[in-house]
Amino acid sequence: MLSDIVIAQAAKMLPIAKVAEKLGLTDEDLIPYGRYKAKINHKLIHSDRPDGKLILMTAISPTPAGEGKTTTSVGLADALNAMGKKTMLCLREPSLGPVFGVKGGAAGGGYAQVVPMEDINLHFTGDIHAIGTANNLLAAMIDNSIQQGNPLNIDPRRIAWKRCMDMNDRQLRFIVDGLGGKVNGTPREDGFDITVASEVMAI
């Protein structure tokens, strides 16, 4: 039985422009990231095209074979395409967990996966990194406000906004930071969420 990575690496990928063409998108609608990846211009949300139908896959427990939300979603999209339906699949960018073997891959499995698998599991288009940076900038602003005289009268014991990183590291879930003297902030309890569970990601 072939592994997921062997199946993924054997796949013949279409250039992303060809994939977009099948969906009625033009070069102007794409923001390319190489030959096989692209973002879609956000201005398309104001398109005159009729809305499509939405199927939401959520909160499924993986089967013993490891088939979870992603594999089921990819398989469903493949099936709809095989029936002649114009289908687009939307998956969120994964965390780095799969890279370190602490969770399954985030590109599906077997013959129901999206490629390039390695790129998808390794930062893809960089959006998760941008979300983490934005979240941590806001966290730093809160602490800096406290450091600069606390004009908003924030109680450091009641700050719910956590920092985040792109790995589920249980050692950092609850920490004490701001140590090292007056110039290094106000000591307080803090913690890290995984980026995909951060406040900015929720927005």
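Q: In this predicted model, how far apart are the closest N and O atoms of the salt bridge that Arg163 forms with Asp177?
A: A salt bridge requires a side-chain nitrogen of Lys or Arg within 4 Å of a carboxyl oxygen of Asp or Glu. Arg163 and Asp177 form such a pair, and their closest N and O atoms are separated by 3.9 Å.

Q: Which strands does the pair of Arg163 and Asp177 tie together?
A: The two residues are 14 residues apart in sequence, so their pairing ties together separate parts of the chain. Asp177 belongs to the strand spanning residues 175–177, which is E6, while Arg163 lies in strand E5. The strands asked for are therefore E5 and E6.

Q: Is Arg163 buried or exposed, and what is the relative accessible area of this residue?
A: A residue counts as buried when its relative accessible area is under 20%. Arg163 meets that criterion and is buried. Its partner Asp177 also counts as buried, at 16% relative accessibility. For Arg163 the relative accessible area is 17%.

Q: Which helix does the salt bridge between Arg163 and Asp143 tie to strand E5?
A: Arg163 also forms a salt bridge with Asp143, with the closest N and O atoms 2.9 Å apart. Both of these residues are buried. Arg163 lies in strand E5 (residues 163–165), and the pair ties together parts that are 20 residues apart in sequence. Asp143 lies in residues 127–147, so the helix is H5.

Q: How many residues apart are Asp143 and Arg188?
A: Asp143 forms a salt bridge with Arg188, and the closest N and O atoms are 2.7 Å apart. This pair links distant parts of the chain, with Asp143 in helix H5 and Arg188 in strand E7 (residues 188–190). Asp143 is buried, as is Arg188. Along the chain, the separation of Asp143 and Arg188 is 45 residues.

Q: Which residues are linked in a network of salt bridges?
A: Side chains of opposite charge can pair when their charged atoms come close. A search of the whole structure gives eight salt bridges. The linked network consists of Asp143, Arg163, Asp177, Arg188 and Asp190.

Q: How many disulfides are there?
A: A disulfide requires two cysteine sulfur atoms within 2.5 Å. The sulfur of Cys164 is 20 Å from the closest cysteine sulfur, in Cys90, which is too far for a bond. The number of disulfides is therefore zero.

Q: Which cysteine is buried, with a relative accessible area of 3%?
A: Buried residues have under 20% relative accessible area, and exposed residues over 50%. Cys90 has a relative accessible area of 73% and is therefore exposed. The buried cysteine, at 3%, is Cys164.

Q: How far apart do the C-alpha centres of domain 1 and domain 2 lie?
A: The protein is divided into domain 1, comprising 4–44 + 70–121, and domain 2, comprising 127–201. Their C-alpha centres are separated by 33 Å.

Q: What is the C-alpha to C-alpha distance between Ile120 and Pro94?
A: Ile120 lies in helix H4, which covers residues 117–121. At 8% relative accessibility, Ile120 counts as buried. Ile120 and Pro94 are 26 residues apart in sequence, and their C-alpha to C-alpha distance in space is 7.3 Å.

Q: What is the area of the nonpolar surface patch made by Leu2, Ile5, Val6 and Tyr111?
A: Leu2, one of the contributors, is found in the segment before helix H1 (4–10). Together, Leu2, Ile5, Val6 and Tyr111 make a nonpolar surface patch of about 410 Å².

Notes
Residues are numbered from 1 along each chain as its sequence is written. This is a predicted model: local features need pLDDT of at least 70, side-chain atom pairs count only at pLDDT 80 or more; totals for chains, interfaces and linings use all residues. Side-chain values use heavy atoms; hydrogens and water are left out. Buried means under 20% relative accessible area, exposed over 50%, partly exposed in between (1.4 Å probe, protein chains only). Domain bounds come from an automatic or database domain assignment. Helices (H or I, at least four residues) and strands (E, at least two) are DSSP runs, numbered from the N terminus. Patches are made of residues with over 30% relative accessible area and no salt bridge: like charges are joined within 9 Å, nonpolar side chains (Val, Leu, Ile, Met, Phe, Trp, Tyr) within 5 Å. Accessible areas come from the Shrake-Rupley method with a 1.4 Å probe; for residues, only the protein chains shown count as cover.
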